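Thank you all for making the time this morning. I would like to walk through one model, beginning with a pair of helices and ending with some backbone details.

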Amino acid sequence: MLTWLNRDSLTFPPLNTALQEPNGLLAAGGDLRPERLIQAYRHGCFPWYQDGQPILWWSPDPRTVLFPAELHVSRSLAKLMRQQRYQVSFDQDFPAVVAACAAPRTYAEGTWITETMQAAYCELHRQGIAHSVEVRENGVLVGGLYGLAIGRLFFGESMFSRADNASKVGFVTLVKRLEQAGFALIDCQMPTDHLHSLGARAISRAAFAEALARHLDTPPALDWLS
């Protein structure tokens, strides 16, 4: 049975109790206050729901991740990056990146990044936990992504692109920076062709839980934001 969260408790059910169908649905309810969101990621789950639904918490099996050393950069993407057509920055405009990720997509109806969700992650950004990558062309924001950094793990949430391969340039720049700082893994949550083309692959939920236990409380070797 699906667990409904008590607003007065930050405890999530064990990951192995998540439903098989839909894959990974672990719990419902609760809220998006910073303490609960941080606990969710530390536990191995994340919120994903549509407007009008209760908050739904997920821990899919398998889990899509990218190990920094396995990053794949195609020849065409490497050439684009050498051209320096885009300028990449970190944490320069977190609200704008989240708002752009929440904007309507031609291939999807609605958005799961609700106004409440945007406000929650902006608060995590103010606390120094959530981070953004901005990709600009001639000063105009054309791509980016955001996620959480805890220990030596980066939990990717969403990305957007308004120009050819802009989000890929931002993602590759982020992964290389994280690798230099000793990060062990980037959580990509769910599989997409976009992520697989960059080297992401599936691991079991159990293996993901092992990575959490090993790396959540280990600080990065370097300040990757500097």
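**Helix packing, cores and backbone**

Helix α2 (residues 75–83) packs against α5 (residues 166–180) at an angle of about 85°, and their axes lie 11 Å apart; here the axes are lines fitted to C-alpha atoms, for helices over the stretch in contact, and angles run from 0 to 180 degrees between N-to-C directions. The two helices α2 and α5 are therefore roughly perpendicular to each other, a label given to angles of 65 to 115 degrees, while under 35 counts as roughly parallel, over 145 as roughly antiparallel and the rest as oblique.

Before going further, I should say that this is a predicted model, in which local features need pLDDT of at least 70 and side-chain atom pairs count only at pLDDT 80 or more, whereas totals for chains, interfaces and linings use all residues. Residues are numbered from 1 along each chain as its sequence is written, and side-chain values use heavy atoms, with hydrogens and water left out. Helices (H or I, at least four residues) and strands (E, at least two) are DSSP runs numbered from the N terminus.

Coming back to the pair, Leu-77, Leu-80 and Met-81 of α2 meet Lys-168, Val-169, Val-172 and Thr-173 of α5, where contact means heavy atoms within 4.5 Å. By type, the residues of this contact divide into 5 nonpolar, 1 polar and 1 charged; Ala, Val, Leu, Ile, Met, Phe, Trp, Tyr, Cys and Pro count as nonpolar, Asp, Glu, Lys and Arg as charged, and the others, Gly among them, as polar.

Which residues does Val-172 touch, leaving aside its neighbours within four places in sequence? Val-172 is in contact with Leu-71, Val-73, Leu-77, Met-81 and Leu-198, and its C-alpha atom is separated by 7.6 Å from that of Val-73, although the two are 99 residues apart along the chain. Val-172 is buried, with a relative accessible area of 0% (buried means under 20%, exposed over 50% and partly exposed in between, with a 1.4 Å probe and protein chains only).

Turning to the cores, the largest nonpolar core has 49 residues, and those with the most contacts inside it are Trp-57, Tyr-121, Tyr-146 and Phe-155; such a core is a set of buried Ala, Val, Leu, Ile, Met, Phe, Trp, Tyr and Cys residues joined through side-chain atoms within 4.5 Å. Several elements, including α1, α4 (115–126) and β8 (140–150), each supply at least two residues of this core, and α3 gives the most, with 6 residues. A second, separate core of 29 residues includes Leu-71, Val-169, Ala-181 and Leu-198.

In α1 (residues 34–43), the buried residues are Pro-34, Arg-36, Leu-37, Ala-40 and Tyr-41. Seen down the helix axis, these residues fall within an arc of 165°, so they line one face of α1; the arc is that of the directions from the axis to the C-beta atoms. Just after α1, Gly-44 takes a positive phi of about 110°.

Finally, the backbone. Most residues other than glycine have a negative phi, and most peptide bonds are trans. Gln-84, in the loop between α2 and β6, has a positive phi near 55° and is exposed at 62% relative accessible area. Asn-138 likewise has a positive phi, of about 55°, and counts as exposed at 70%. The peptide bond from Glu-21 to Pro-22 is cis, with omega near -5°, and another cis bond joins Asp-61 and Pro-62, with omega about 10°.
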